[in-house]
Amino acid sequence: MIRRSIAAALLSILLTAAAPAPERPLVLAFGDSLTAGYGLDSGLGFAPQLQATLRRHGIAAEVVDGGVSGDTSEAGKARLGWTIDGLARKPDLVILELGANDMLRGLDPALTRSNLDAIISELDRRKIKVLVAGMRAAPNLDPAYVARFEAIYPELAKKHGAALYRFFMEGVAGETGMTQPDGMHPTFAGVKRVVTGITPAVKRALGR
């Protein structure tokens with residue numbers, strides 16, 4: 001009986017040692033200038049700040065900056081495949097933050113919706129979790145346009161069963177000291193506020 005117990009204990013130790021260590025979660029921040037850290041020094045943008053915050057929360061994640069300044073939803077759709085294929089491995093989560101440039105250019109919300117739908121569908125096909133980061137339209141635009149544009153994000157999140165963070169720039173847009181002189185891109189203080197706001201949603205999407 002003692003020998004069997006010792007043998008079982010040794011086997012358990014060997015199996016534990018042979019088991020691969022869990023990989024660090026890989027998060028892709030796929031967006032435009034808002035995720036790319038436009039106007040900020042290296043290390044101060046959304047991706048590195050989110051990574052630092054997640055690690056402070058005990059999640060040893062790697063957050064990859066997949067933001068390209070000026071990208072519309074159509075441009076994002078065009079580069080999605082090679083962006084993901086260029087990563088070391090398939091991401092555990094994609095934070096999808098696109099559409100602001102569509103709105104600023106006055107593009108038809110139906111086109112934006114179609115492009116974002118295609119992006120999420122491709123991520124679904126690849127079995128990659130998605131956190132949809134919503135965007136609001138400028139308040140000076142036609143109310144009908146604003147309603148159509150802002151409805152895109154919750155509708156697509158519901159359609160695909162994806163996680164939703166309703167407004168990427170929550171607590172930043174229109175707030176003194178939170179945006180750069182252009183009134184659109186976050187300062188470092190703004191980035192920190194964005195990260196603070198979205199972190200709980202990221203953690204939930206990662207199952208943490």
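**Notebook: sheet, pocket and two loop residues**

I began with the strand pairs and found that β1 (residues 26–31) and β3 run parallel and are joined by five bridges. I note here that the model is a predicted one.

**Entry on β3 and its partners**

I looked up one pair between β1 and β3: Val27 has Leu93 as its bridge partner in β3. I then turned to β4 and counted four bridges between β3 and β4, which also run parallel. Two of the places I checked are Leu93, which stands opposite Lys129 in β4, and Ile95, which stands opposite Leu131 in β4. Leu93 therefore turns up twice in my notes, with Val27 and with Lys129.Which residues of β3 point one way and which the other? Leu93, Ile95 and Glu97 point one way, while Val94 and Leu96 point the other way. I checked burial next: β3 covers residues 93–97, and five of its five residues are buried.

**Entry on the whole sheet**

I wrote down the strand order as β2-β1-β3-β4-β5, an open sheet of five strands with parallel pairing. The edge strands are β2 (62–67) and β5 (163–165), each of which pairs on one side only. From one strand to the next, the twist averages 20°. I also looked at what lies against the sheet: helix α4 (residues 73–85) packs on it and touches β1 and β2. The direction of α4 makes about 155° with that of β1.

**Entry on Thr72**

I went to the loop between β2 and α4, where Thr72 is found. Is Thr72 buried or exposed? Thr72 counts as buried because its relative accessibility is 11%, and the cut-off for buried is under 20%. Leaving out residues up to four places away in sequence, I listed what Thr72 touches: Leu98, Asn101, Asp102 and Arg105.

**Entry on Met135**

I then moved to the loop between β4 (129–133) and α7 (143–150), which holds Met135. Met135 has 7% relative accessibility, so it counts as buried. What does Met135 contact, apart from its neighbours within four places in sequence? I noted Leu34, Glu97, Ala100, Phe149, Glu150, Tyr153, Arg166, Phe167 and Phe168. Glu97 was already in my notes as a buried residue of β3. I also looked up the spacing of Met135 and Phe168: they are 33 residues apart in sequence, and their C-alpha atoms are 6.1 Å apart in space.

**Entry on the largest pocket**

Met135 led me to the largest pocket, where it is among the residues that lie nearest the centre. The others nearest the centre are Met103, Leu104, Gly183 and Met184. How many residues line this pocket? I recorded 20 residues in the lining, and about 400 Å³ of space in the pocket. By class, twelve of the lining residues are nonpolar, six are polar and two are charged.

I asked which elements supply the lining, and found that α2 (33–36) and α5 (100–104) each give at least two residues. The largest share comes from α5, with four residues.

Technical notes:
Residues are numbered from 1 along each chain as its sequence is written. This is a predicted model: local features need pLDDT of at least 70, side-chain atom pairs count only at pLDDT 80 or more; totals for chains, interfaces and linings use all residues. Side-chain values use heavy atoms; hydrogens and water are left out. Buried means under 20% relative accessible area, exposed over 50%, partly exposed in between (1.4 Å probe, protein chains only). Contact means heavy atoms within 4.5 Å. On a 1 Å grid over the protein atoms alone, a cavity is a set of points where a 1.4 Å probe fits but cannot get out, and a pocket is an open set with protein on both sides within 12 Å along at least five of seven lines; lining residues have an atom within 4 Å of a point. Grid points are joined across faces, edges and corners, and a volume is the space filled by probe spheres set on the points. Ala, Val, Leu, Ile, Met, Phe, Trp, Tyr, Cys and Pro count as nonpolar, Asp, Glu, Lys and Arg as charged, and the others, Gly among them, as polar. Two strands pair if DSSP finds at least two bridges between them. Axes are lines fitted to C-alpha atoms, for helices over the stretch in contact, and angles run from 0 to 180 degrees between N-to-C directions.
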